[in-house]
Amino acid sequence: MTRKQERKRRFGAGILALLAALGCLWAASAGGAALWWLAGVAAALILMHKAMIGPPGVAVLTYHSVSPDPGWLPWSQETAVSPETFAAHCSMIGAPGLLAITTDELVRMRAAGEQPRGDEIVLHFDDGYLDNWLYAAPILERHGIPASFFVSLDFVEPGALIRTAPDARDVSGYMNWAEIAAMQKVRGLEIEPHGVDHARIPVSERAIDRLTEANWRKHAWLQWHGTNGPKHDWYRSDAPPAVPIGSPVPESGLALAVRGWVNGRREDVSELEERLREQLTLCQTVFAQRLGKMPRIFCWPENKVGAEGRRIARELGFAATTGGKGRNRADEPADVISRLHMGDRALGFRWLAAERLHFRAAVRLAQGNHYYYALIAPMNLCRKLVFAWRRRFGKPFA
């Protein structure tokens with residue numbers, strides 16, 4: 001059962017039990033056999049509580065950019081959080097029900113068949129942005145919170161200069177290997193692979209759009225797909241660096257999850273498996289050379305993976321990979337990590353009290369406490385409505 005399916009089932013059952021309890025109360029107040037009706041209330045409330053509290057899980061929270069100026073990313077509205085919001089989230093960790101552990105601890109615990117206590121949290125950061133080193137890492141170190149950072153090889157910047165927040169006037173871009181190595185030396189921070197090129201690939205001849213001056217950055221995957229080797233500076237170009245304006249944008253899928261469309265035909269499974277094995281092996285080789293370690297966890301781009309990817313990752317010795325849809329419970333596959341995306345502006349605008357409240361509610365819901373859905377649902381709806389209003393009237397997303 002996926003996290004979404006479980007949430008719907010449990011919350012729906014809880015609402016029905018609550019309605020039954022209210023009905024019993026009404027009947028008792030209307031002159032029925034009060035003792036029997038009150039016993040019905042108690043039974044209904046017990047059933048409601050059983051429905052709302054699921055088996056304990058581990059909340060694995062996924063961040064991307066943590067920056068005061070993430071505008072260089074075309075998708076920053078969906079993926080970036082401000083350092084202030086992230087610090088507000090971190091300030092909640094350590095409160096009852098919110099205990100941060102490493103990904104390695106999570107994997108070892110699940111491999112040993114241990115039941116989660118129900119208060120564990122794991123923090124993940126995808127894509128290897130420079131701001132992870134400049135802003136996220138210092139906040140984590142200050143709070144003593146462990147985390148895993150997943151980097152894509154083709155997006156690691158060249159150079160050996162370790163940049164710092166006060167000196168870095170430009171906070172755009174990605175970390176270099178010196179910064180990644182320095183981050184690995186910080187207690188509790190782990191570095192793991194996010195693939196080679198974060199690529200999407202065409203899956204048919206059907207065009208879903210056409211590149212324009214306004215949209216080519218949002219279709220950045222097309223430029224990455226057309227560029228061999230390093231891609232760390234793709235966003236600095238004034239014009240598309242590989243695929244020109246006017247080109248069709250084909251229907252696409254994640255390169256490590258689907259069979260692509262090549263020379264007028266769909267790849268066969270063996271070609272997909274060859275690509276998977278090549279990329280995962282390259283990640284192992286580069287990590288051994290650059291960081292002196294073999295990676296243990298693989299993070300699939302956009303959390304998309306098929307059965308072939310899981311099997312090959314196991315064969316190559318990865319202890320676990322991402323892409324699950326559950327809550328990291330004891331009865332779920334131990335080598336599949338399910339994650340929850342974390343964003344900013346929980347109500348559609350930034351208010352740190354609301355960011356802290358939403359963070360706690362999201363974590364507790366992922367851990368199995370479905371009472372919090374009554375708080376999360378209206379907050380998410382408010383966010384969608386405010387964002388829609390801002391887009392409609394061209395208001396900035398402050």
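## A walk from a helix pair to a small sheet

Start with α9 and α10, which are oblique to each other, because their angle of about 40 degrees is neither under 35 degrees nor within 65 to 115. Keep in mind throughout that this is a predicted model.

**Stop 1: the helix pair.** Select residues 269-291 for helix α9 and residues 307-315 for helix α10; their axes lie 10 Å apart. Turn the view until one helix sits in front of the other, and you can follow α9 as it passes α10 in a right-handed crossing.

Now show the side chains where the two helices meet. On α9, pick Val269, Leu272, Glu273, Leu276, Arg277 and Leu280. On α10, the partners in the contact are Glu308, Gly309, Arg311, Ile312, Ala313 and Glu315. Colour this set by class and you will find 6 nonpolar, 1 polar and 5 charged residues.

**Stop 2: the sheet.** Next, bring up the open sheet of 3 strands, ordered β10-β11-β12 and paired in parallel. Which strands form the edges? Select 297-298 for β10 and 336-338 for β12: each of these pairs on one side only.

Add residues 320-324 to see β11, which pairs with β10 in the parallel sense over 2 bridges. To look at one such link, click Phe298 and then find Thr321, its bridge partner in β11.

**Stop 3: the helix across the sheet.** Finally, select residues 103-111, helix α5. Helix α5 lies across β10, β11 and β12, and runs at about 125 degrees to β12. Keep α5 and the three strands on screen together to end the tour with this view.

Definitions and conventions:
Residues are numbered from 1 along each chain as its sequence is written. This is a predicted model: local features need pLDDT of at least 70, side-chain atom pairs count only at pLDDT 80 or more; totals for chains, interfaces and linings use all residues. Side-chain values use heavy atoms; hydrogens and water are left out. Axes are lines fitted to C-alpha atoms, for helices over the stretch in contact, and angles run from 0 to 180 degrees between N-to-C directions. Helices (H or I, at least four residues) and strands (E, at least two) are DSSP runs, numbered from the N terminus. Angles under 35 degrees count as roughly parallel, over 145 as roughly antiparallel, 65 to 115 as roughly perpendicular and the rest as oblique. A crossing is left-handed if the near helix is turned anticlockwise from the far one by less than a right angle, and right-handed if clockwise. Contact means heavy atoms within 4.5 Å. Ala, Val, Leu, Ile, Met, Phe, Trp, Tyr, Cys and Pro count as nonpolar, Asp, Glu, Lys and Arg as charged, and the others, Gly among them, as polar. Two strands pair if DSSP finds at least two bridges between them.
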